[in-house]
Amino acid sequence: MEHRQLGRTGLRVSSVGLGTMTWSRDTDDHEAKDQLRDFVEAGGTLVDTSASYADGGAEELLGSLLGDVVARDELVLCTKGGVRRTVDGGVVDASRGTLLDSLDRSLARLRTDRVDLWLVQTPDARTPLEETVSAMRLAVSSGRARYVGLANHPGWQVARAATLLEPDPGLAAVEAEYSLLQRGVEREVLPACTGLGAGLLAWSPLGRGVLTGKYRRTIPSDSRAASAHLAGFVRPYLTADAAGVVDAVATAAAGLERQPLEVALAWVVGRPGVASALVGARTAAQLRVALGADDLELPDEIVRALDEITAPSFGYPERLDAR
């Protein structure tokens, strides 16, 4: 698997990253262990998680596998903070105290003394960005994080945070949704990343699973759309417009004798400015199919056709929700 420089930093990440949003909820410890093993054997290094995934369960499960399935130093660990759990559900809170407390708890669950990349998961309208950035700087200066970045933030906040973090430690990465069904990031966030030297980590490059083609005729009982936790996550892309994009991807895949998800993933991996595309699979078998796309380089004519077909997706909002 190709390893790429993360923006202008010295950190290198695998072109496909392993997402863990379903871990400890829809993905049990056995499947997670197989996923991590297969991912590393394929040359993957970047593993993405969050304090909010399964209320910390994903981090806990990942931490239990470090040293057993793979050595800690073989991975680039990325986690996120900024969503505080309360009795009424998740609350966005990017204040300095909450962020640093969250990071300490993440490190305990991950069973490590530092993460390679720490991101603020979503914008917090109630906390000044200057305060949020101060927590990011302290995370690096204290050694708890090697690099810092943002997730799901609009372009102007990306630019402001990068300015506040200059000259050191700098803004290393921005994580945002990016796929053939969600290209809004190309309006402001991706140009900001390119101009500021931050690497883009693309989450849900398979359009929340829709671009695999599994929903073309029905909703499989074992799919995310059928999950009580994730049905609302998938539903925005089960539309007539999205179906047309899925058909185009399926047609391209048939011509290349590949699977639709391989085409969708290769399109994102090949986009300028993308450091890594994060793939979250429920099972190891699903992940192995995605890892098989590593050798696929789309012909220029297919890239142009997919670009033209999906151009109307600029009408979608940049951020439908925070993952």
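Let me start with the polar contact of 2.7 Å that joins the side chains of Thr 310 and Arg 183, a polar contact being a pair of N or O atoms within 3.5 Å, where within protein one must be able to donate a hydrogen and the other to accept it, and where residues adjacent in sequence count only if both atoms are side-chain atoms. I should say that this is a predicted model, in which local features need pLDDT of at least 70 and side-chain atom pairs count only at pLDDT 80 or more, while totals for chains, interfaces and linings use all residues. Residues are numbered from 1 along each chain as its sequence is written, and side-chain values use heavy atoms, with hydrogens and water left out.

Thr 310 lies in helix α11, residues 300–310, helices here being DSSP runs of H or I with at least four residues, numbered from the N terminus. Because its relative accessibility is 1%, Thr 310 counts as buried, that is, under 20% relative accessible area with a 1.4 Å probe and protein chains only. Leaving aside neighbours within four places in sequence, Thr 310 is in contact with Leu 180, Arg 183 and Val 245, contact meaning heavy atoms within 4.5 Å.

Turning to the largest nonpolar core, a set of buried Ala, Val, Leu, Ile, Met, Phe, Trp, Tyr and Cys residues joined through side-chain atoms within 4.5 Å, we find 101 residues, and among those touching the most other members are Trp 23, Tyr 178 and Leu 200. The largest share of this core, eight residues, comes from helix α9, residues 260–269. Leu 200 touches, beyond four places in sequence, residues including Val 174, Tyr 178, Cys 193 and Val 274.

Conventions: Buried means under 20% relative accessible area, exposed over 50%, partly exposed in between (1.4 Å probe, protein chains only). Helices (H or I, at least four residues) and strands (E, at least two) are DSSP runs, numbered from the N terminus.
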